[in-house]
Amino acid sequence: MSCANGKKLNKYVSDYVVFDLETTGVSVNSDDVVEISAIKVNSGIVVDEFTSLVNPGRPIPYYASAVNGITDDMVENYPSFDIVLKEFLDFAGDYVLVGHNIHSFDMKFIYRDAERFLGKTITNDYVDTLPLSRVCLPNLSSHSLVNLACHYGIATDGAHRALNDCRMNQKVFEALGEEMESLSSQIRICSCCGSFLKKRNGRYGEFWGCSSYPDCKHTEKI
């Protein structure tokens, strides 16, 4: 992964592109994208949508189809990801990218395939709503996208298809933005790497420690 890629942000932004992938499996080393969707938002208002199935050039495993409902017959006449990825990147422009669990999953596929197919790095900063939700709603039993949508009274019909997940995630992100504003005095951000600070106990009592430890060892006194 190139050091020129964009930064992970831990804050609400009002202009962004929320996106989601469906894939043949969970491994960035051996799986491929079969669907990508995105929603463009300006000042918190949805202004455009993008969606496409993708022909991965290989059979889609049964277990993947069982989750997302996408079959070989459905993708047969769709383009490969080198074409669709370029269209998505043109759609996203230089907007901040937003998604659920994208730091650990979706961005890895985007980074990999942008380098593999297009010979470029992705410089867009991005926001992962999963860690935001854990900070804003620490008492929820699950921070899955569906559970967050249920918590906020957002419809979950069609979950696990990319565009429907984008629509859910966009509404969840707006709700989390309101949560972060109300909790602004309680949320602390690391001045070194931008990650959340967490209260930790040490030899001399409580202190603020970076949640990215051991990659970042920044601490602050309480």
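**Exercise 1. Which residue is the bridge partner of phenylalanine 19 in β3?** Place this residue pair within the sheet that surrounds it.

*Solution.* The model is a predicted one, in which local features need pLDDT of at least 70 and side-chain atom pairs count only at pLDDT 80 or more, while totals for chains, interfaces and linings use all residues. Residues are numbered from 1 along each chain as its sequence is written, and side-chain values use heavy atoms, with hydrogens and water left out.

Step 1. In β3, phenylalanine 19 has alanine 38 as its bridge partner. Strands here are DSSP runs of E with at least two residues, helices are runs of H or I with at least four residues, and both are numbered from the N terminus.

Step 2. The pair belongs to the contact between β2 and β3, which run antiparallel over eight bridges; two strands count as paired if DSSP finds at least two bridges between them. With β5, β2 pairs in the parallel sense over three bridges, and tyrosine 16 stands opposite valine 96 in β5.

Step 3. The whole sheet is open and holds six strands in the order β1-β6-β5-β2-β3-β4, with mixed pairing. Its edge strands, each pairing on one side only, are β1 (8-9) and β4 (45-53).

**Exercise 2. State how β1 is joined to the sheet, and describe the helix that packs on the sheet.**

*Solution.* Step 1. β1 pairs with β6 (residues 126-128) in the parallel sense over two bridges, and the bridge partner of leucine 9 in β6 is valine 127.

Step 2. Helix α4 (residues 106-118) packs on the sheet and touches β2 (16-23), β3 (33-42), β5 (96-99) and β6, where contact means heavy atoms within 4.5 Å. The direction of α4 makes about 85° with that of β2; axes are lines fitted to C-alpha atoms, for helices over the stretch in contact, and angles run from 0 to 180 degrees between N-to-C directions.

**Exercise 3. Are the residues of β2 buried or exposed?**

*Solution.* Step 1. Buried means under 20% relative accessible area, exposed means over 50%, and partly exposed lies in between, with a 1.4 Å probe and protein chains only.

Step 2. Eight of the eight residues of β2 are buried. Tyr16, Val18, Asp20 and Glu22 point one way from the strand, whereas Val17, Phe19, Leu21 and Thr23 point the other way, and all are buried.

**Exercise 4. Follow three of the salt bridges, giving the place and the exposure of their residues.**

*Solution.* Step 1. A search of the whole structure finds ten salt bridges, each being a side-chain nitrogen of Lys or Arg within 4 Å of a carboxyl oxygen of Asp or Glu.

Step 2. Aspartate 125 and lysine 7 form one of them, with their closest N and O atoms 3.5 Å apart. This pair links distant parts of the chain, since aspartate 125 lies in the loop between α4 and β6 and lysine 7 in the segment before β1, 118 residues apart. Lysine 7 is exposed, at 53% relative accessible area.

Step 3. Arginine 58 and aspartate 32 have their closest N and O atoms 2.9 Å apart. Arginine 58 is partly exposed at 29%, whereas aspartate 32 is buried at 17%.

Step 4. Arginine 116 and aspartate 113, with closest N and O atoms 2.8 Å apart, both lie in helix α4, three residues apart, about one turn of the helix. Arginine 116 counts as partly exposed at 47%, whereas aspartate 113 is buried at 1%. Salt bridges that share partners join Asp31, Asp32, Arg58, Arg112, Asp113 and Arg116 into one network.
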